[in-house]
Amino acid sequence: MKHKKSKPAKPAAEAASFIQPATKSAPPRSKWQKRCLIGLFIYTVVGFLVLPAIIKWQLRKQLPALTHRIVDVKQVQMNPYALSLTVRGLSLTESNGTPFAAFDELYVNFQLSSVFRGAWTFGDIRLVHPTANLVRLAEGGFNFSNLVGTNSAPATNPPSAPPAVLVQSLLITNAVVTFADETTAPRFNADYGPINLAVTDFTTRRDKHGPYTFVATTPDGESFAWSGRISVNPPQSTGQFKLTGISPGKYSAYLAQFITAQIASGKIDVGADYRVNAASAPLELDVTNTTLRVSNLLVKPPGSDVTLFGMNQFIVTNASATLTGRVARVGLVTLNGGSALIGREADGSLTALKYLIPQTNHADATIVTNTTTKDSAPWRFDLGELDVAGFAVRVEDHSTPNLAELGVEALRLNVKGFSTETNTPIDVALAFNWRGGGTVNVRSRGTLMPPDITATIGVSELAIAPLQPYIGQNLNLVVHSGGVSVEGEAKFNPSALPQIHFAGNVGVTNFASSDTISYHELSSWKNLAVRGIDFSFQTNALSIQEVKFTEARNSFVVSSNGVLNVVALPKSKPAATNEASSAQTTNVVVNEPFPIRVVALV
């Protein structure tokens, strides 16, 4: 018996034909790859093309309202793979066309490692050639004041901790700042740049410090260098700063508000190490290893070539100060070469006062007067050594009938151990040449608080003739020549008895004088020696072992009015008013008797 082939075989074949195309379709993995490629393409297009255009559009749209200035942005670029943003050619311009601020390029690189660091991490932030035009307006404000909102309500909540941020490298290169001050006359203008700033590992995390360097220069040769470590949370910093080549004459526009004298030349260099902790209350600030150098400083009157004050070289080394301890110390101060002119006007006022510009702002004085300060310990100041060499002082006194011109040259002053602390011994050595002839040499040791000083005095042939304008102001006498010599020891102690004591010798050589009454020679001698002086003040006493004249000549002339020339030497003073006379009579103090003893007169 034969069986026929079963028909289901055909449907099986057909089923196989339907199953076969399904086995040839793309697997799920291929679909994800396509989707990733599409997403990557969109991310690339949006990152490289779309977002830069949006950012540029928003910068041009939002910044004018925020800055109140005309804004221009030349180019914005993004690298979505490096997570970087570059903005080029951004500038802010005032409505009158004056440049306000700009930069060539701003580059910001964000790091995906922020996820693991727990902080917004930036690999690089770089600002290339930023410029700023800052102006202090005539009314006292600044041209950037409108950048800060004035209608915002003051914050009442305590400030919160800053978000965690880490900047691995922050660079500002070739910055230039132009500053003008319209409050000064003449207007002050200065350019500062190029300015370069480099900060590594800058972070807002607590107790994390990062190194930094800051260097700024000016076209005038000035420079400012600042380096160290800085922390934002809390605000702390340690480091060093140095300013070199500072020209004080450049800032004379500010001095012109107080004085009319002009700074003709000079350079200042300053440097120090510091430590500051702004989070501490009170503020902690320590400055150490401070140095100051002033070179070739000249101050002159307006429109004159006369030198009022000059210093060849002034140096301060090893200075330090601590704000919390309220102590300031200076190791050494030296002044080599220089001069000073001290003048006195005909009315008796100091010439220097006429170069001062009186300040009429009484409101500020009222504020200072009414300010109450908390009780605090006084500052202590210590000076290791002060050394002055090669200095000259000239005095011009126009208040006398004839111009008095005095002065000292080759001044040498050395002070060691000065302190505002009580009972601190101080050593002083003073020497100079007297203008007109003679020298002075004084050495002393003692304390200033309380006063207790012992000095050794040496004066050799100090000319008297330069003092003639003062002598002629009070006496009818002309001193033609003569030199004073002194050697001895002097003591001063207000709390002891006697308060003042001197023991030594005094001499006057080659003295010659005449009176202005009879116009004859009055007195002259080759040598006057006063030896063995013992002088005390409170208690009062004067003892002299010997007074010896050598080759003395004296002339006594009776004028036609019967007055002896010696008696008429004192010049009469204007009669005092009744009120003055009564006041003098009322305030008369009975002086302690002053006994004088002279053993020998030769």
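**Figure 1. A nonpolar patch lies on the surface.** Leu40, Tyr43, Phe48, Leu49, Val50, Leu51, Ile54, Trp57 and Tyr81 make up this patch. Together they have about 860 Å² of accessible area. The model is predicted. Leu49, one of the patch residues, sits in helix α2, which covers residues 28–67. Its relative accessibility is 58%, so Leu49 counts as exposed.

**Figure 2. The whole protein chain gives the setting for the close-ups.** The chain has 602 residues, of which 28% count as buried. Seven helices and 26 strands are found in the chain. About 37000 Å² is exposed, and carbon and sulfur atoms supply 62% of that area. Take the contacts between residues at least 6 apart in sequence: 55% of them join residues at least 24 apart.

**Figure 3. Aromatic rings pair up and also meet arginine side chains.** The whole structure holds 17 aromatic pairs. Phe179, Phe188, Tyr251 and Tyr254 are linked by ring pairs into a cluster. Arginines lie over ring faces too. Arg35 is placed over the face of Trp32, 5.0 Å from the ring centre. Arg69 is placed over the face of Phe100, 3.9 Å from the ring centre.

**Figure 4. Leu386 contacts residues from other parts of the sequence.** Leu386 belongs to strand β16, residues 380–397. Its relative accessible area is 22%, so Leu386 is partly exposed; the buried class ends under 20%. Beyond its neighbours within four places in sequence, Leu386 is in contact with Val333, Leu413, Asn414 and Val415. Val330 is 56 residues from Leu386 in sequence. In space, the C-alpha atoms of Leu386 and Val330 are 9.3 Å apart.

**Figure 5. Arg88 and Glu105 form a salt bridge between two strands.** The closest N and O atoms of Arg88 and Glu105 are 2.9 Å apart. Arg88 lies in strand β3 (residues 84–93) and Glu105 in strand β4 (residues 99–110), so the salt bridge ties together parts 17 residues apart in sequence. The partners fall into separate accessibility classes. Arg88, at 27% relative accessibility, counts as partly exposed. Glu105, at 17%, counts as buried.

**Figure 6. Asp181 and Arg136 are joined by a salt bridge.** Their closest N and O atoms are 3.4 Å apart. The pair links distant parts of the chain, 45 residues apart. Asp181 is in strand β7 (residues 165–181), and Arg136 is in strand β6 (residues 131–136). Asp181 counts as buried, at 1% relative accessibility. Arg136 is partly exposed, with a relative accessible area of 28%.

**Figure 7. Asp220 and Lys250 connect two loops.** Their side chains meet in a salt bridge, 3.0 Å from N to O. Asp220 is in the loop between β9 (210–217) and β10 (223–231). Lys250 is in the loop between β11 (236–246) and α4 (252–255). The two residues are 30 apart in sequence, and the pair links distant parts of the chain. Asp220 counts as partly exposed, at 45% relative accessibility. Lys250 counts as buried, at 17%.

**Figure 8. Four residues share one salt-bridge network.** Salt bridges with shared partners join Arg329, Arg380, Asp382 and Glu421. The count of salt bridges comes to 20.

Note on methods: Residues numbered from 1 in each chain as written. Predicted model: local features only at pLDDT ≥ 70, side-chain atom pairs only at ≥ 80, totals over all residues. Heavy atoms only, no water. Helix = DSSP H or I, 4+ residues; strand = E, 2+ residues; numbered from the N terminus. Buried < 20%, exposed > 50% of the residue type's maximum accessible area, 1.4 Å probe, protein only. Contact = heavy atoms within 4.5 Å. Areas by Shrake-Rupley, 256 points an atom, 1.4 Å probe, with all protein chains shown as cover. Patch = residues over 30% accessible without salt bridge, like charges linked within 9 Å, V, L, I, M, F, W, Y side chains within 5 Å. Phe/Tyr/Trp six-rings, centres within 6.5 Å; stacked < 30°, edge-to-face > 60°. Lys NZ or Arg CZ within 6 Å of the ring centre and 35° of its normal.
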